[in-house]
Structures are given as C-alpha cells and as structure tokens.
Amino acid sequence: MHTPDVSTSISVPSSRRRLSDDTRRQLLARYHRSDLTQRAFCEQAGIPVSTLQWWLVQARRAATQPPRAVTFAEIVAPACAEVARDTLPVWAVEIATARGLTVRLRSPLAPRVLDRLLRDTRC
C-alpha cells in the first residue's frame, strides 16, 4: 500500500494559529483521498486529531444545512436621534448582527450585494 506524503505542498504551522479556509479545504481533500486513519493523517500533516474531526463535523453540517435567508427590516429612527441638518452622518448604513459583527457603509449597497456580504462574513 502506498502511503501518500500529506505535507508535500501544504505547510501547517506548528503554533496554534488559525489556518486559512483554503488550507483547511486542501487538507480535508487530501484526507478524503488518502487511505489513512485520522490519527495517521494528522501525524503526517502536523495537526491535532481533534482539529481534523472538528473540520469534518463542520463540513458535514455545511453540506446538510440549507443557507440561511437574510432578511432586512426598515428601522425608523426616533426624532431625538435625527442628525442636525448642517452635519452629515458618518455612516449611511450600519448593521449590527446577533453575533456581534457591525458593518458600516458610507453609502448604501444594492440588496443583492449586501446579502452576499453578510453571507460571506458568516453573520
């Protein structure tokens, strides 16, 4: 049986830095193509077994869950929050997500662009 060298083109940092999504996808693809056990693969790749297992769980969840729909609601500011006419507001749009992400835009975006932005940032 041929044992592929897992780490030939992917350098995995030894510190606890977060790997890029691209590197994670490459490692998962290599794992699926290999005939190694999780432990053997992780030893060759230099990653903890628990990390590989977490990535596999996330990949399964992503494959089975439909994307969440993004909904928008117009919010009318109370009169006391209105900006004086002689000053310009700093942000045209400010969105605060439930996960604590705040998106501020100097000018409005088309709804489809805003939808993509929010999906890509995993709000």
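**Exercise 1. State how much surface the protein chain exposes, and describe the overall layout of its elements.**

Solution. The protein chain exposes about 10,000 Å², of which carbon and sulfur atoms supply 52%, with accessible areas taken from the Shrake-Rupley method with a 1.4 Å probe, and with only the protein chains shown counting as cover for residues. The model is a predicted one, in which local features need pLDDT of at least 70 and side-chain atom pairs count only at pLDDT 80 or more, whereas totals for chains, interfaces and linings use all residues. Residues are numbered from 1 along each chain as its sequence is written, and side-chain values use heavy atoms, with hydrogens and water left out.

Turning to burial, 20% of the 123 residues of the protein chain count as buried, where buried means under 20% relative accessible area, exposed means over 50%, and partly exposed lies in between (1.4 Å probe, protein chains only). The protein chain has 4 helices and 2 strands, and these elements run α-α-α-β-β-α from the N terminus on; helices (H or I, at least four residues) and strands (E, at least two) are DSSP runs, numbered from the N terminus.

**Exercise 2. Identify the residues of the largest nonpolar core and the helices that supply them.**

Solution. A nonpolar core is a set of buried Ala, Val, Leu, Ile, Met, Phe, Trp, Tyr and Cys residues joined through side-chain atoms within 4.5 Å. The largest such core has 12 residues in all, among them Leu 28, Tyr 31, Phe 41, Cys 42, Ala 45, Trp 55 and Leu 56. At least two residues of this core come from each of helix 1 (21-33), helix 2 (38-45) and helix 3 (49-64). A second, separate core of 5 residues includes Ile 95, Leu 105, Leu 114 and Leu 118.

For a closer view of one member of the largest core, take Leu 56, which is in contact (heavy atoms within 4.5 Å) with Leu 28, Tyr 31, His 32 and Gln 38, once its neighbours within four places in sequence are left aside.

**Exercise 3. Classify the geometry of the aromatic pair formed by Tyr 31 and Phe 41.**

Solution. Rings of Phe, Tyr and Trp (its six-membered ring) pair if their centres lie within 6.5 Å, and planes under 30 degrees apart count as stacked, over 60 as edge-to-face and the rest as tilted. The structure holds 1 aromatic pair. The ring centres of Tyr 31 and Phe 41 are 5.4 Å apart and the ring planes stand at 70°, so the pair is edge-to-face. Distant parts of the chain are linked by this pair, since Tyr 31 lies in helix 1 and Phe 41 in helix 2, 10 residues apart. Tyr 31 is buried at a relative accessible area of 14%, and Phe 41 is also buried, at 0% relative accessibility.

**Exercise 4. Work out which residues of helix 2 are buried and which are exposed on its other side.**

Solution. Phe 41, Cys 42 and Ala 45 are the buried residues of helix 2. Because they cover an arc of only 95° around the axis, they sit on the same side of helix 2, the arc being that of the directions from the helix axis to the C-beta atoms. The buried residues of helix 2 pack against helix 1 and helix 3, while Arg 39 and Glu 43 are exposed on the other side of helix 2. Helix 2 is followed by Gly 46, whose phi is positive, near 80°.

**Exercise 5. Locate the salt bridges and give the accessibility of each partner.**

Solution. A salt bridge is a side-chain nitrogen of Lys or Arg within 4 Å of a carboxyl oxygen of Asp or Glu, and the structure holds 2 of them. In one, the side chains of Asp 21 and Arg 24 meet at 3.3 Å, N to O; both residues lie in helix 1, 3 residues apart, about one turn of the helix. Asp 21 is partly exposed at 23% relative accessibility, whereas Arg 24 is buried, with a relative accessible area of 18%.

In the other, Arg 104 pairs with Glu 94, and the closest N and O atoms are 2.9 Å apart. Arg 104 lies in strand 2 (residues 102-105) and Glu 94 in strand 1 (residues 93-96), so this pair ties together parts that are 10 residues apart in sequence. Arg 104 is partly exposed at a relative accessible area of 43%, and Glu 94 is partly exposed at 49% relative accessibility.
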